[in-house]
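Q: I'm new to reading protein models and I'd like a close look at one part of this one. Could you take it slowly and then show me how that part sits among the rest?

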Amino acid sequence: MSNWFETFDGIHTEIWDMLVQGVVDAGHPARQPTFATTSPDGWPEARTVVLRGADTDAAIVSIYTDLHSDKVKSLQATPRAALHIWHPEKALQLRLQTEIEIASGPAVRPLWERVPNHSQQSYGVTPPPGAPIENALDYVKDPNPDTFAVVHCKIMHIDAVHLGDDHRRVSFSRVRNWAGQWLSP
């Protein structure tokens, strides 16, 4: 019997198990991936986000954000993003290249209703996120479902690197119907 990291199927299954677990387990390494975008003026941007959805059949992961955030402005200019996850116990690095769809308004209201009150504080800040302020606390949190947005990340490509005794790297791509391809690590 082989280890999960020795086969395409094993690695692919491990990737999706990690993503799904990241949604449901607040302590899981996949819970807070690094989310990378390109600003409207061409600068790379990276920030930590919280994974809120993982649809294995559609190969889509989702995050929540404020509709007025800098990341939304960046994604409107360039609707692509990368997510990076490192799982230290499994010695597994994931890099996901995604195409983005931003949903807001009535389409996401049922999700807003399930966001705990303390977390709703993150959606609706005056002045809007990223606006200059005079002092560190010169803002008001005013939860507003109209500023709540869901960023759906349609995964186009996955690059996975297992850093065990023998390093293994594999690529999975939507255009190859998720067939694995070994790469030199």
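Which residues does Asp66 touch, not counting residues up to four places away in sequence?

A: Sure, and keep in mind that this is a predicted model. Leaving out residues up to four places away in sequence, Asp66 touches Val72, Ser122, Tyr123, Gly124, Val125, Pro129 and Thr147. Asp66 itself belongs to strand 4, which spans residues 60-66.

Now look at what the side chain is doing. Asp66 is buried, yet it has no salt bridge. A salt bridge here needs a nitrogen of Lys or Arg within 4 Å of a carboxyl oxygen, and the nearest side chain of opposite charge, Lys73, is 8.5 Å away. What the side chain of Asp66 does reach is backbone: the nitrogen of His68 at 2.7 Å, and the nitrogen of Gly124 at 2.9 Å. Gly124 is also one of the residues on the touch list above.

Tyr123, another residue on that list, leads us to the cores. Start with the largest nonpolar core, which has 28 residues. Its members that touch the most others are Ile15, Trp16, Leu19, Phe35, Val61, Ile155 and Ile158. Two or more residues of this core come from each of helix 1 (8-24), strand 4, strand 5, strand 6 (92-104), strand 9 (148-163) and strand 10 (167-173). Then there is a second, separate core of 8 residues, and Tyr64, Val115, Tyr123 and Phe148 are among its members. So much for Tyr123; back in the 28-residue core, try clicking on Ile155. Setting aside neighbours within four places in sequence, Ile155 is in contact with Trp16, Leu19, Ala59, Val61, Leu96, Gln97, Thr98, Arg174 and Trp178.

Phe35 takes us to strand 1, residues 34-38. Phe35 and Thr37 form the covered face of this strand, while Thr34, Ala36 and Thr38 make up the uncovered one. Strand 1 runs antiparallel to strand 2 (residues 44-48), and 5 bridges join them. In that pair, Thr34 stands opposite Thr48. Between the two strands of this hairpin there are 5 residues, and Gly42 takes a positive phi near 95°. Strand 1 is also joined to strand 5 (residues 80-87) by 3 bridges, again antiparallel. There, Phe35 stands opposite Leu83.

While we're on backbone angles, here's a handy bit of background. Most residues other than glycine have a negative phi, and most peptide bonds are trans. With that in mind, have a look at Ala91, which has a positive phi of about 55° although it is not a glycine. Ala91 sits in the loop between strand 5 and strand 6. With a relative accessible area of 15%, Ala91 is buried. Asn177 also has a positive phi of about 55° without being a glycine. Its place is the loop between strand 10 and strand 11 (180-183), and Asn177 counts as exposed because its relative accessibility is 64%. For the peptide bonds, check the step from Thr126 to Pro127: it is cis, with omega near -5°. Pro127 is in the loop between strand 7 (125-126) and strand 8 (140-141).

Asp66 has no salt bridge, but the model does contain 6 of them. In one, the side chains of Glu14 and Lys90 meet at 3.1 Å, N to O. Glu14 is in helix 1 and Lys90 in the loop between strand 5 and strand 6, so this pair ties together parts that are 76 residues apart in sequence. Glu14 counts as buried at 11% relative accessibility, whereas Lys90 is partly exposed at 29%.

Another salt bridge brings together Arg95 and Asp159, at 3.3 Å, N to O. This pair links distant parts of the chain, with Arg95 in strand 6 and Asp159 in strand 9, 64 residues apart. Arg95 is partly exposed at 38% relative accessibility, and Asp159 is buried at 4%. A third example is Arg109 with Asp146, at 3.8 Å, N to O. Arg109 is in helix 3 (residues 109-114) and Asp146 is in the loop between strand 8 and strand 9, 37 residues apart. Arg109 counts as partly exposed at 35%. Finally, salt bridges that share partners join Arg95, Asp159 and Arg169 into one network.

Note on methods:
Residues are numbered from 1 along each chain as its sequence is written. This is a predicted model: local features need pLDDT of at least 70, side-chain atom pairs count only at pLDDT 80 or more; totals for chains, interfaces and linings use all residues. Side-chain values use heavy atoms; hydrogens and water are left out. Buried means under 20% relative accessible area, exposed over 50%, partly exposed in between (1.4 Å probe, protein chains only). Helices (H or I, at least four residues) and strands (E, at least two) are DSSP runs, numbered from the N terminus. Two strands pair if DSSP finds at least two bridges between them. A nonpolar core is a set of buried Ala, Val, Leu, Ile, Met, Phe, Trp, Tyr and Cys residues joined through side-chain atoms within 4.5 Å. Contact means heavy atoms within 4.5 Å. Lys and Arg count as positive and Asp and Glu as negative; His and the chain ends are not counted. A polar contact is a pair of N or O atoms within 3.5 Å; within protein, one must be able to donate a hydrogen and the other to accept it, and residues adjacent in sequence count only if both atoms are side-chain atoms.
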